[in-house]
Amino acid sequence: MVEPGLLLVLGALLVALALLFGMISRQRRLTHRVGSFGCRYAADPETPLLAVPGVAGYGTGRLDWWRLVSLSARPAHSWSRDRLKVVGSESLGEVDDRGRPLLVVHCRHDTEEFALTMTTQAYAGLVSWLEARPRRARAF
């Protein structure tokens, strides 16, 4: 007969492994999407060092951001391309794990202000994506 305590420990271990596999699979899926880039999100632009790591990706008419450590399939934040503005950027004075310089990018979406920390290459892509948005037709 198997000890009930051992079964409980084995069950908890299996649940932990399934959760770990789910998080790793999610991270891999997010980071390998076309148009995705790693960045950190700070709700308060004045404290970019307290930013949460995540992955951003370009959607149809929006920029989505997912927390890196989460099981959620939905983005934690989503900003409309038409209402998203880059207010400014500044060098963080750091580099990522590949030696690329990092920038703190100050953004505004309607009345929400936030900061995204990203590489200079990701910043160039973000600015290009915003500038390439279709212009609204003027009513005559």
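**Entry 1: the pocket**

I take a pocket to be an open set of grid points with protein on both sides within 12 Å along at least five of seven lines, and I count as lining residues those with an atom within 4 Å of a point. The model I examined is predicted, and I looked first at its largest pocket. I noted a volume of about 650 Å³ for this pocket. Its lining comprises 22 residues, and Phe37, Gly38, Cys39, Asp96 and Arg100 are the ones that lie nearest the centre.

I then asked which elements each supply at least two residues of the lining. They are β1 (36–42), β2 (52–59), β7 (112–119) and α2 (120–131). The largest share, five residues, comes from β1. Sorted by class, the lining holds nine nonpolar, eight polar and five charged residues.

**Entry 2: the sheet**

I next traced the strand order. Seven strands make up an open sheet, arranged β4-β3-β2-β1-β7-β6-β5 with antiparallel pairing. β4 (77–80) and β5 (84–95) stand at the edges; each has a single partner strand, so one side of each is left without a neighbour in the sheet. With direction ignored, neighbouring strands of this sheet are turned by 30 degrees against each other on average.

I also recorded the background that strands of a sheet pair through backbone hydrogen bonds, either parallel or antiparallel.

**Entry 3: strand pairs, one at a time**

I started from the β4 edge. β3 and β4 pair in the antiparallel sense over four bridges, and I found tryptophan 65 with histidine 77 in β4 as its bridge partner.

For β2 and β3, which run antiparallel, I noted six bridges. Within this pairing, valine 55 stands opposite tryptophan 66 in β3. The two strands form a hairpin with two residues between them, and in the turn glycine 61 has a positive phi of about 80 degrees.

β1 and β7 are joined by three bridges, again in the antiparallel sense. Here I found tyrosine 41 opposite leucine 116 in β7.

At the β5 edge, I recorded eight bridges between β5 and β6, paired in the antiparallel sense. Serine 89 stands opposite valine 105 in β6. β5 and β6 form a hairpin too, with five residues between them; glycine 99 in the turn has a positive phi of about 85 degrees.

**Entry 4: the helix on the sheet**

Which strands does α2 lie across? I found β1, β2, β3 (62–67), β5, β6 (101–109) and β7. The helix runs at about 130 degrees to β7. I note again that α2 and β7 each supply at least two residues of the lining of the largest pocket.

**Entry 5: aromatic pairs**

I searched the whole structure for aromatic pairs and obtained six. For tyrosine 41 and tryptophan 79, the ring centres lie 5.9 Å apart and the planes stand at 35 degrees; planes under 30 degrees apart would count as stacked and over 60 as edge-to-face, so this pair is tilted. The pair links distant parts of the chain, with tyrosine 41 in strand β1 and tryptophan 79 in strand β4, 38 residues apart.

Key
Residues numbered from 1 in each chain as written. Predicted model: local features only at pLDDT ≥ 70, side-chain atom pairs only at ≥ 80, totals over all residues. Heavy atoms only, no water. 1 Å grid on protein atoms, 1.4 Å probe; cavity = no way out; pocket = protein on both sides within 12 Å on 5 of 7 lines; lining within 4 Å. Points joined across faces, edges and corners; volume = space filled by probe spheres on them. Nonpolar A, V, L, I, M, F, W, Y, C, P; charged D, E, K, R; others polar. Pairing = 2+ DSSP bridges. Axes fitted to C-alpha atoms, helices over the stretch in contact; angles between N-to-C directions. Contact = heavy atoms within 4.5 Å. Phe/Tyr/Trp six-rings, centres within 6.5 Å; stacked < 30°, edge-to-face > 60°.
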